[in-house]
Amino acid sequence: MTMDTVDAGMGKTVMCLLTDPEGTNLGSAMYIPQNAGPLQLTHLVNNFLNNEEMLPYSFYVSDEELLVPVGTYLEKNKVSVEKVLTIVYQQQAVFRIRPVNRCSQTIAGHEEAVLCVSFSPDGKQLASGSGDTTVRLWDLYTETPLFTCKGHKNWVLTVAWSPDGKHLVSGSKSGEICCWNPKKGELEGSPLTGHKKWITGISWEPVHLSSPCRRFVTSSKDGDARIWDITLKKSIICLSGHTLAVTCVKWGGDGIIYTGSQDCTIKMWETTQGKLIRELKGHGHWINSLALSTEYVLRTGAFDHTGRQYPPNEEKQKALQRYNQAKGDAPERLVSGSDDFTMFLWEPSVSKQSKKRLTGHQQLVNHVYFSPDGKWIASASFDKSVRLWNGVTGQFVTAFRGHVGPVYQVSWSADSRMLLSGSKDSTLKIWEIRTKKLKQDLPGHSDEVYAVDWSPDGEKVVSGGKDRVLKLWQG
Amino acid sequence: MPQGDYIEQHRKRHGRRFDHYERLRKKEARASHKHSTMAQKSLGIKGKMIAKKNYSEKALMKKTLKMHEESSSRRKADENVREGAVPAYLLDREETTRAKVLSNTIKQKRKEKAGKWEVPLPKVRPVAEDEMFRVIRSGKRKTKQWKRMVTKATFVGPAFTRKPPKYERFIRPSGLRFTKAHVTHPELKCTFCLEIIGVKKNPNGPMYTSLGVMTRGTIVEVNVSELGLVTPAGKVVWGKYAQVTNNPENDGCINAVLLV
């Protein structure tokens, strides 16, 4: 591969060093013509890495994205030609998701506010839980109701699909958990009891750790988290230690359970015996939400954008492969959002000190979410803004303003290029990460939007709220 | 001997009838039937009075029965499904409903119109007139009692000159005149000695306000140009209100808290 080795004296080239996000250099410093833009740099990187197919890359110079030819960038920022320019390249997702712009269907059915919605990991099924104590399954092709699952005694607060898509579990305000068969819409067994107060979160064990999905962990207001086995239909381990309500729980890819609580601490538990490994302190008020850098991959398991189905024995390997790819060489990162208006970025397996404190919000942070490729962190706050942070260093990138009411939830598109936010002001907004601007405004709900989800195959967006209807949006 | 005692005397001497207790028991057993016939047959006001008494007794009986029925065993309270379902992240938060917010803003506007402000001491002990004034006797024979001397701390402005002594009704002794007050900032918790500009309102009455009497709870205006406060528009603030928090006539100084 020959590059134009024109003298630096001609003023037409600049010395550049390409590095990947973790810091390893790609080759040595080389001369690159000044009219080289992102496209040419992409070719260059693909050649250096000997990729079989042309993978898309995005380039960053000192944390700013490089969208114009290198020469223009140099002129604008008055960087000297004589210094070596470090360009960080990051791989973008191969597939591109179309932005959603219209409401394809408004499906009524729930008799009370819709409290939670979730797509199955393969993106073919949709479940929603509501204040009328039912869980409803919806058909995505005809956009009509499929099943109404009755069995809960009080509001259904959370629903969670197993990463292999075979089980659906929902938790309610009376502390019981119901397991449903998604194909038939029936209750499997009887409701699981054990928690004394309402369930705040459910998280499944990743597929790459145990192939037919059996275990999941639930967190509750009564201060403990319980690990359940769906085949035994009972609680195996009870993780107690928190003094106040546990607001969120996540099962990490390395087999550690993270629980965030109102007592301002995050506890890490090991899953074989339920022992406390570490406690992460730092927040000054309730912890509202946790997010892991590999969360999206753990949720979707072995399914990816190609939509292939794998036989059970291959699922585990494929899931492990996807997990390792998403994780990279760096340890898993955790971000926690709290009522004290700040978030902390942790590397929990490395140390119990936080890596960075992300400040900037002017009201409590309600929801934090890593992008599927782990490069960005989005945080939704009651101060009507959504903030974007660098997923690796935790540095603040931009604030998306546009909502006129507290922003309740965010969701990423599967290619990490778009971010969706739902708010109390009854609108949903899609923000584009590349231009850092509002891409699409989705009004239409008549009351607060409580839950949003983007399907893993990127085709549809679902939103539900206080007006008791489910809206499906399409590109 | 009183007449009732003869009956008793006879009972003591000769005892009662042989079937007395039997008859008494049976009579008492029939009492409910008798009461019931009386209640049914009585007419007019008497009937109503009996009915009312019966009803109150019935209600009392029902209450005591209910109390006895309450078992000490605890049962899990059946939580009814309530209205207004909210997701898990909103459950522990008391969000003011939209209606409440609207009514709050209206109430705020009304308060502003009425001129009722929030002050640190909303209520103070009212000071009576005889406590506030002392009667000064004047005249050749010291019989005239129309003059009054103020016994509390007062503020007179810098351009104050007394009325001709023959005609002044209210005497404000110079020993009780104050020009400066020790004003505390409530949030910063630091105290400054600031000049008083004027007495705005004395809670005991408009007469005292016009006299410039400063008792506990009086709102005074103080000169805050020393503090260097600036309004959002960029103008320098030089006067602010403060409320007197002590009894200056007892202490010899005026302590006040700034109203921010």
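A residue counts as buried when its relative accessible area is under 20%. The model treated here is predicted.

**Exercise 1.** State what share of the residues in chain B is buried, and describe the surface of chain B.

Solution. Chain B has 260 residues. Applying the cut-off of under 20%, buried residues come to 23% of chain B. The exposed surface of chain B is about 20,700 Å². Carbon and sulfur atoms account for 55% of that area.

**Exercise 2.** Find how far helix H2 of chain B reaches, and where H2(B) bends.

Solution. Chain B contains seven helices and eight strands. Helix H2 of chain B covers residues 20–41, which is 22 residues. At 1.5 Å a residue, 32 Å is expected. From first C-alpha to last, the helix reaches 29 Å, close to that value. H2(B) has a bend of about 40°, located at B:Ala31.

**Exercise 3.** Identify the residues with the most contacts inside the largest nonpolar core, and the strands that supply at least two residues each.

Solution. The largest nonpolar core holds 28 residues. Inside this core, A:Trp412, A:Leu419, A:Leu420 and A:Trp454 have the most contacts. In chain A, at least two core residues each come from strands E28 (376–381), E29 (385–390), E31 (407–412), E32 (418–423), E33 (428–432) and E35 (449–454). A separate second core has 21 residues, among them A:Cys16, A:Ile32, A:Val45 and A:Leu66.

**Exercise 4.** Determine where in chain A the pLDDT is below 50.

Solution. Chain A has a mean pLDDT of 87, with 97% of its residues at 70 or more. The pLDDT is below 50 over residues 1–10 of chain A. Beyond near neighbours in sequence, this stretch makes 12 contacts in the model.

How values were computed. Residues are numbered from 1 along each chain as its sequence is written. Chains are lettered from A and ligands numbered from 1 in the order in which they are written. This is a predicted model: local features need pLDDT of at least 70, side-chain atom pairs count only at pLDDT 80 or more; totals for chains, interfaces and linings use all residues. Side-chain values use heavy atoms; hydrogens and water are left out. pLDDT is the predictor's confidence in each residue, from 0 to 100. Contact means heavy atoms within 4.5 Å. Helices (H or I, at least four residues) and strands (E, at least two) are DSSP runs, numbered from the N terminus. Buried means under 20% relative accessible area, exposed over 50%, partly exposed in between (1.4 Å probe, protein chains only). Accessible areas come from the Shrake-Rupley method with a 1.4 Å probe; for residues, only the protein chains shown count as cover. A nonpolar core is a set of buried Ala, Val, Leu, Ile, Met, Phe, Trp, Tyr and Cys residues joined through side-chain atoms within 4.5 Å. The expected span of a helix is 1.5 Å times one less than its number of residues. The bend at a residue is the angle between axes fitted to the seven residues ending there and the seven starting there.
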